[in-house]
Amino acid sequence: MEKIVRQGMLYDLYGDLLTEHQKKVFGALVNEDLSLSEIAEECGITRQGAQDMIKRTEKKLEGFESKLHLLENKLNGI
C-alpha cells in the first residue's frame with residue numbers, strides 16, 4: 001500500500017485521538033497534500049518543526065494501529 005494512502009487511512013481511523021495541533025499538521029499533509037513548507041507557513045511553525053510533527057504523529061498513529069488493529073481488520077473484512 002502506498003505510504004500516503006496508509007497515512008490517510010490511519011488518520012481517518014485514529015485522528016480523533018490526536019491533539020488539535022497534530023490534526024492540523026498531519027491533516028494538511030494527508031487531506032490537502034501540502035508540502036512541508038506550505039504546512040509550516042499555514043501552521044506558523046518551521047519546516048523542520050512540520051517534518052518532526054509529521055514523523056511523531058505517524059509514529060503515534062502506527063502505535064494505535066499496532067495495539068488496536070482497526071485498519072488491518074478493515075482491510076481484511078473483519
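This report looks at one helix pair and two buried residues in a predicted model.

## Ground rules

Because the model is predicted, local features need pLDDT of at least 70 and side-chain atom pairs count only at pLDDT 80 or more, while totals for chains, interfaces and linings use all residues. Residues are numbered from 1 along each chain as its sequence is written, and side-chain values use heavy atoms, leaving out hydrogens and water.

## Where α1 meets α4

Let's start with helix α1 (residues 3-14) and helix α4 (residues 47-68), whose axes come within 10 Å and cross at roughly 70°. Helices here are DSSP runs of H or I, at least four residues long, numbered from the N terminus. The axes are lines fitted to C-alpha atoms over the stretch in contact, with angles from 0 to 180 degrees between N-to-C directions. The two helices are therefore roughly perpendicular (65 to 115 degrees).

In contact terms (heavy atoms within 4.5 Å), Lys3, Arg6, Gln7, Leu10, Tyr11 and Tyr14 of α1 meet Glu58, Leu61, Glu62, Phe64, Glu65 and Leu68 of α4.

## Gln22 in α2

Gln22 sits in helix α2 (residues 20-30) and is buried at 11% relative accessibility (buried means under 20% relative accessible area, with a 1.4 Å probe and protein chains only). Leaving aside residues up to four places away in sequence, Gln22 touches Gly27, Met53, Thr57 and Lys60.

## Cys43 in α3

Helix α3 (residues 36-43) holds Cys43, which is buried with a relative accessible area of 13%. Beyond residues up to four places away in sequence, Cys43 touches Lys24 and Val25. The C-alpha atoms of Cys43 and His21 are 8.4 Å apart, with their positions 22 residues apart along the chain.

How values were computed. Parallel < 35°, antiparallel > 145°, perpendicular 65-115°, else oblique. Buried < 20%, exposed > 50% of the residue type's maximum accessible area, 1.4 Å probe, protein only.
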